[in-house]
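Thanks for coming. I have one structure to walk through today, and it should be up on the screen in a moment.

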Amino acid sequence: MKEIKKTKRLDNVGYDIRGPVAEEAARMAREGVDIIALNTGNPPHFGFYAPESIEKAMSDHIRTSEGYSDSYGIPEAIEAIKSYSASKGIEGLDYGDIFTGNGVSELISISLQALIEIGDEILVPTPDYPLWTSAATLCGATVRRYLCDEAAGWTPDIQDIKSKITPRSKAIVVINPNNPTGALYPKDSLTEIMDVAREHGLVVFADEIYDRLVFDGAEHFSCAAVAPDVFTVTFNGLSKSHMLAGFRCGWMVISGDRKRAADYIEGIRMLSSMRLCANVPSQSVVSTALDDAYAAAPLLSPGGRLYEQREFIYRAINDIPGLSSTKPQAAFYLFPRIDTARFGIHDDERFVFDFLHEHHVLMTHGKGFNWPDPDHFRIVYLPPIDDLETIVDKLRRFLVTYRQ
Ligand code: PLP
């Protein structure tokens, strides 16, 4: 009988962070090996839980959440997202500008599917959150990578962005705060990017899911607020700020010159109504969550778990000979550099694979984030400090003898 094959459209898509090394970890776990999984930013797996008010909001609304909602979302969620956006300087939103989704992930796919023609080019950062590359490639886009510069605190290199623009460029993705680097972009950097988008008529996809997880009292600026005239789709959700990754609760907000994009917006509307609606019980907690939008703030200041874990991991990794890292300003990721010459490393996937086998800790290699060289990896520093100490100790011992 004829072989059953995956669609050719998936041929160049590549894996996201749940690739072969994560598969191997899952296999080892099935055989009874105790794996420390540091490959996804999944707060509830590390003892971070949603505020109790959220559980109450969901149970209070469970009966009224049984039916489909409007495909945009329930009115209470839309109103709350509108107010939250206004608080970030994204003003003048109307009915039809806000779409709820089953996580930001679903909305990334919808927003790209509605836009991309085969061969269109989209500018995506390197390193990136890999879903952006995978989803754009699946739609038939050619991904053109712009550099986020480690030497400049991982901020986007504006000259590189300009050099990657061609007549086929249709959109630019900005991930701020950034996964995997933990960088928070200064306003000037965003202004420059938005100027380029304005000049070349690019759609801006601003993934701001970590905007409420910022350290050191720094301010997050939304692309859409920096340049209100530029057509922008801003993505956000509750997976990280309210530790609700499993609820699949996200939204996107359309701002800027909507007249020019009326046909595209119609496409988004069609696709979101094809999936009927986002999970309604999850939508029912959005207004409660955004009433306390900065619920995670105590975790981010001295004495708070995320703050102390960041301080620890940043110091401990930089203390290991051959590793170095910039200090993350947001989210819960560290993206250290490995001195590849010292360890003879030419394959970063093999490096994390070998570490997994020897020490049962699963991390993600830099190429998993579409970083071109084999000289980085990402640590999710959500585990408590005692566990991070154990992990760092394993890594230190592993690197004493590791040579590829
Ligand atoms: N965007 C970025 C930058 C992320 O890091 C993640 C998850 O890690 C997502 C989007 C996906 O978010 P969601 O859980 O809302 O689908």
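I will take the sheet, then one strand in it, then the pocket, and then the salt bridges. Please keep in mind that this is a predicted model.

The sheet, then. It is an open sheet of eight strands with mixed pairing, and the order across it is E2-E9-E8-E7-E6-E3-E4-E5. At the edges sit strand E2, residues 98-102, and strand E5, residues 155-156, and each of these pairs on one side only. Helix H3, residues 75-87, packs on this sheet and touches E2, strand E8 (232-237) and strand E9 (249-255). The direction of H3 makes about 115° with that of E2.

In general, strands of a sheet pair through backbone hydrogen bonds, either parallel or antiparallel. Both kinds turn up here. For the parallel kind, take strand E3, residues 121-126, and strand E6, residues 169-175, which are paired over three bridges. Within that pair, Leu-123 stands opposite Ile-172 in E6. For the antiparallel kind, look at E2 and E9, which have five bridges between them. There, Thr-100 has Trp-251 in E9 as its bridge partner. E8 and E9 also run antiparallel, joined by six bridges, and Val-233 stands opposite Ile-254 in E9.

Let me stay on E9. How many of its seven residues are buried? Seven of the seven, so to speak of E9 as mostly covered is fair, with buried taken as under 20% relative accessible area. In a regular strand the side chains alternate between the two faces of the sheet. In E9, Cys-249, Trp-251, Val-253 and Ser-255 point one way, while Gly-250, Met-252 and Ile-254 point the other way. Both sets are buried.

Next, the pocket. The largest one has a volume of about 450 Å³. It is lined by 23 residues, and those closest to its centre are Gly-41, Ser-105, Tyr-129, Lys-240 and Arg-248. Which helix gives the largest share of the lining? That is helix H4, residues 103-113, with four residues.

Last, the charged pairs. Side chains of opposite charge can pair when their charged atoms come close. The count here is 24 salt bridges, and I will show three.

The first is between Arg-198 and Asp-195, at 2.8 Å from N to O. Both residues lie in helix H7, residues 187-200, three residues apart, or about one turn of the helix. Are they buried or exposed? Neither: Arg-198 has 40% relative accessibility, so it counts as partly exposed, and Asp-195 counts as partly exposed because its value is 37%.

The second is in helix H9, residues 262-274, where Arg-269 and Glu-266 are also three residues apart, about one turn. Their closest N and O atoms are 3.3 Å apart. Arg-269 is partly exposed, with a relative accessible area of 32%, and Glu-266 is partly exposed at 34%.

The third is Arg-310 with Glu-311, where the closest N and O atoms are 3.0 Å apart. Here both Arg-310 and Glu-311 are buried. This pair belongs to a network: salt bridges with shared partners join Asp-216, Arg-310, Glu-311 and Lys-327.

That is what I have. Questions, please.

How values were computed
Residues are numbered from 1 along each chain as its sequence is written. This is a predicted model: local features need pLDDT of at least 70, side-chain atom pairs count only at pLDDT 80 or more; totals for chains, interfaces and linings use all residues. Side-chain values use heavy atoms; hydrogens and water are left out. A salt bridge is a side-chain nitrogen of Lys or Arg within 4 Å of a carboxyl oxygen of Asp or Glu. Helices (H or I, at least four residues) and strands (E, at least two) are DSSP runs, numbered from the N terminus. Buried means under 20% relative accessible area, exposed over 50%, partly exposed in between (1.4 Å probe, protein chains only). Two strands pair if DSSP finds at least two bridges between them. Contact means heavy atoms within 4.5 Å. Axes are lines fitted to C-alpha atoms, for helices over the stretch in contact, and angles run from 0 to 180 degrees between N-to-C directions. On a 1 Å grid over the protein atoms alone, a cavity is a set of points where a 1.4 Å probe fits but cannot get out, and a pocket is an open set with protein on both sides within 12 Å along at least five of seven lines; lining residues have an atom within 4 Å of a point. Grid points are joined across faces, edges and corners, and a volume is the space filled by probe spheres set on the points.
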